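Biologist: I should be grateful for a close look at the interior of this protein. Please set it in the context of the whole chain and explain each step for a first-year student.

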Amino acid sequence: MKTPISFIITFLFFNFGFSQTKFGNPEVDPMQIQKNFSEWSAYQSKNIMLSRDFVALDLQSKEISKESFLNELANGNFIPIRLKSDDSIYYYKLFKIDQNSDSSIKATINQLAFDAYKNFKMEGTAFPKFSFKDLNGNEVSNETMKGKIIVIKCWYIHCTPCIREFPQVNRLAVEYKDRKDILFISLAEDTPEQLKVFLARKPLSYTVIPDMKIYMNETLDLNAFPTHFILNKEGLIAKVLPNFESLEVALAKESKL
């Protein structure tokens with residue numbers, strides 16, 4: 001029995017249409033969200049994590065690489081908006097920045113994307129060789145941590161966002177305390193004396209390494225704090241992240257590999 005041509009066309013059309021509806025409309029109005037800086041900033045900080053894994057879409061909703069997406073944001077006149085979706089995948093799409101919007105929005109997007117692009121390019125590369133002493137005099141090096149997942153927090157005492165996330169990163173360290181293959185260390189700019197006084201008031205559940213300002217500024221070339229690294233068991237940089245929220249998501253994924 002032959003299948004009617006009309007049935008085949010309908011079937012193909014339905015399935016093609018279904019495959020194209022992985023994502024829906026923008027979760028916010030791309031033009032309205034640009035009306036003032038504070039409204040956009042609140043949306044950006046809560047809904048757009050450029051360091052996470054996401055499907056990147058251009059102006060025509062065509063999928064592009066994450067590298068191209070970040071490059072466009074860093075150098076162009078675009079705003080990223082998350083699209084509604086029925087699955088757990090994040091879909092970020094580029095929209096044009098309105099010429100009448102607050103100029104601070106474009107400047108901030110360019111800077112955030114520049115930092116995210118720089119971090120993204122580090123992923124998959126080997127973490128620089130190191131051998132340091134922690135606050136207790138123990139050696140911490142690539143060799144002593146070989147074969148383990150390493151979570152690294154880069155910070156300094158007078159960095160308000162760095163300190164604000166202490167309760168969250170402490171909870172994360174407690175959550176994984178039974179995983180002997182996951183280690184938490186932190187690189188701090190400050191001297192041992194300064195750190196001991198500070199940490200007596202505000203404890204950090206990480207191994208703390210002092211006097212790391214030159215290493216972080218020159219070897220790691222960091223210009224934003226806090227910065228978090230996740231190293232895989234081969235010593236490669238799996239993720240470079242700007243905050244606890246993105247760190248928590250990335251570590252959950254890496255810990256299951």
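What percentage of the residues in the protein are buried?

Modeller: The model shown is a predicted one. Of the 257 residues in the protein, 45% are buried.

The interior is best described through its nonpolar cores. The largest nonpolar core has 50 residues, and among these Trp155 and Phe229 touch the most other members. Strand β8, which covers residues 149–155, gives the most to this core, namely six residues. A second core is separate and holds 28 residues, including Ile33, Ile48, Leu57 and Ile79.

These cores may now be placed within the whole protein. There are nine helices and twelve strands. Along the principal axes, the C-alpha atoms fill a box of roughly 80 × 55 × 30 Å. If one takes the contacts with a separation of 6 or more, 66% of them come from residues 24 or more positions apart.

From the interior one may turn to the surface. The protein exposes about 14400 Å², and carbon and sulfur atoms supply 55% of that area. As for charge, the protein has 32 positive and 31 negative charges, and their mean positions are 3 Å apart.

Some details of the backbone also deserve attention, and each belongs to a loop. Serine 61 is found in the loop between β2 (55–57) and β3 (63–64). The phi angle of serine 61 is near 65 degrees, a positive value in a residue other than glycine. Serine 61 has a relative accessibility of 28%, and therefore counts as partly exposed.

Aspartate 211 also has a positive phi, near 55 degrees, and is a residue other than glycine. The place of aspartate 211 is in the loop between β10 (207–209) and α8. Because its relative accessibility is 46%, aspartate 211 counts as partly exposed; the label "exposed" would require a value over 50%.

Beyond helix α8 (213–219) comes another loop, which leads to strand β11 (227–231), and proline 226 lies in this loop. The peptide bond from phenylalanine 225 to proline 226 is cis, with omega near 0 degrees.

To return to the request, the interior contains a largest nonpolar core of 50 residues and a second, separate core of 28 residues.

How values were computed
Residues numbered from 1 in each chain as written. Predicted model: local features only at pLDDT ≥ 70, side-chain atom pairs only at ≥ 80, totals over all residues. Heavy atoms only, no water. Helix = DSSP H or I, 4+ residues; strand = E, 2+ residues; numbered from the N terminus. Buried < 20%, exposed > 50% of the residue type's maximum accessible area, 1.4 Å probe, protein only. Contact = heavy atoms within 4.5 Å. Areas by Shrake-Rupley, 256 points an atom, 1.4 Å probe, with all protein chains shown as cover. Lys, Arg positive; Asp, Glu negative; His and termini not counted. Charge placed at Lys NZ, Arg CZ, Asp CG, Glu CD. Core = buried A, V, L, I, M, F, W, Y, C linked by side-chain atoms within 4.5 Å.
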